Amino acid sequence: MISVKNIIKTYTTGAETLVALDTISLEITAGEFTAIMGPSGSGKSTLMNILGLLDRFDSGTYMLNDQNVSDLTDNESAKVRNKEIGFVFQSFNLMPRMSVLENVELPLVYTGVKAKERRERALQALERVDLSNRVKHKPNEISGGQKQRVAIARAIVNNPSVLMADEPTGNLDSKTTVDIMRIFQELNAEGTTILMVTHEPEVALYTKRIVTFRDGVLVSDQPQQQKLV
């Protein structure tokens, strides 16, 4: 599903050049649940932004569902991103003046889905994360864990090929973290491919595979043996 080969990404600040990713090659197959780990500055979030078509790289190739997405224009990237990728962020990124239902419908608005179908699909996504009873609430009227459930519903409403989560439990307490990770596990069991950046080893235990970065280099790629359920 995802194949990157020899990806290099650098940032230039004044006279200094920082190598954020140094010749990275990685493959993610359909149905995997993979954690990307590493200390701050290791390159894990840079890789996630590249895989999510939110950032460009200097050299290498990136294939997404057998399509070469290495050199797409911004508009082409946006179309592929909206069709193929669902995002879940640490800060939820919900629209504060919209209801829960309207937030989940938003990706469907961008793709031109008609109102009746938008509502039906958004309600189905909210049911999958057990939030059918909060559809009329605004984000400031629900808890942090419920906000992240809304964000997950919004991410899956377009039936993306892959769900990308960047520190999705970073703002949550330990009990809520367990609840959210079990939702991810349920989605993965239903066939959703999930790629998750986390710095928390206990969160990575819910995944099936752990890829570790340090100083822009992929230093470890191992199946996760102590899975939590």
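**Exercise 1. Determine which residue of β9 stands opposite T34, and describe how β3 is paired and covered.**

Solution. In this predicted model, T34 stands opposite R209 in β9, where helices (H or I, at least four residues) and strands (E, at least two) are DSSP runs numbered from the N terminus. Residues are numbered from 1 along each chain as its sequence is written. Because the model is predicted, local features need pLDDT of at least 70 and side-chain atom pairs count only at pLDDT 80 or more, while totals for chains, interfaces and linings use all residues, and side-chain values use heavy atoms, with hydrogens and water left out.

Next, consider the pairing, for which DSSP must find at least two bridges between two strands: β3 and β9 (residues 209-214) pair in the parallel sense over four bridges, and four bridges also join β3 to β8, again running parallel. In β8, the residue opposite T34 is L195.

Finally, examine burial (buried means under 20% relative accessible area, exposed over 50%, partly exposed in between, with a 1.4 Å probe and protein chains only). Five of the five residues of β3 are buried, with F33, A35 and M37 covering one side and T34 and I36 the other.

**Exercise 2. Identify the salt bridge that R209 forms with E32, and place both partners in the chain.**

Solution. A salt bridge is a side-chain nitrogen of Lys or Arg within 4 Å of a carboxyl oxygen of Asp or Glu, and the side chains of E32 and R209 meet in one at 2.8 Å, N to O. This pair links distant parts of the chain, since E32 lies in the loop between β2 (16-28) and β3, whereas R209 belongs to strand β9, 177 residues away. Both partners are buried.

For contrast, turn to helix α4, where the side chains of E120 and K116 meet at 2.7 Å, N to O, the two residues being four apart, about one turn of the helix. K116 counts as exposed because its relative accessibility is 63%, and E120 is partly exposed because its relative accessible area is 38%.

**Exercise 3. Locate Q148 and list its contacts.**

Solution. Q148 is placed in helix α5 (residues 144-156), and it is classed as buried because its relative accessible area is 0%. Leaving aside residues up to four places away in sequence, Q148 touches V88, F89, Q90, F92, P168, L172 and I180, contact meaning heavy atoms within 4.5 Å. I152, by the same exclusion, touches V88, V129, I180, I183, F184 and L187.
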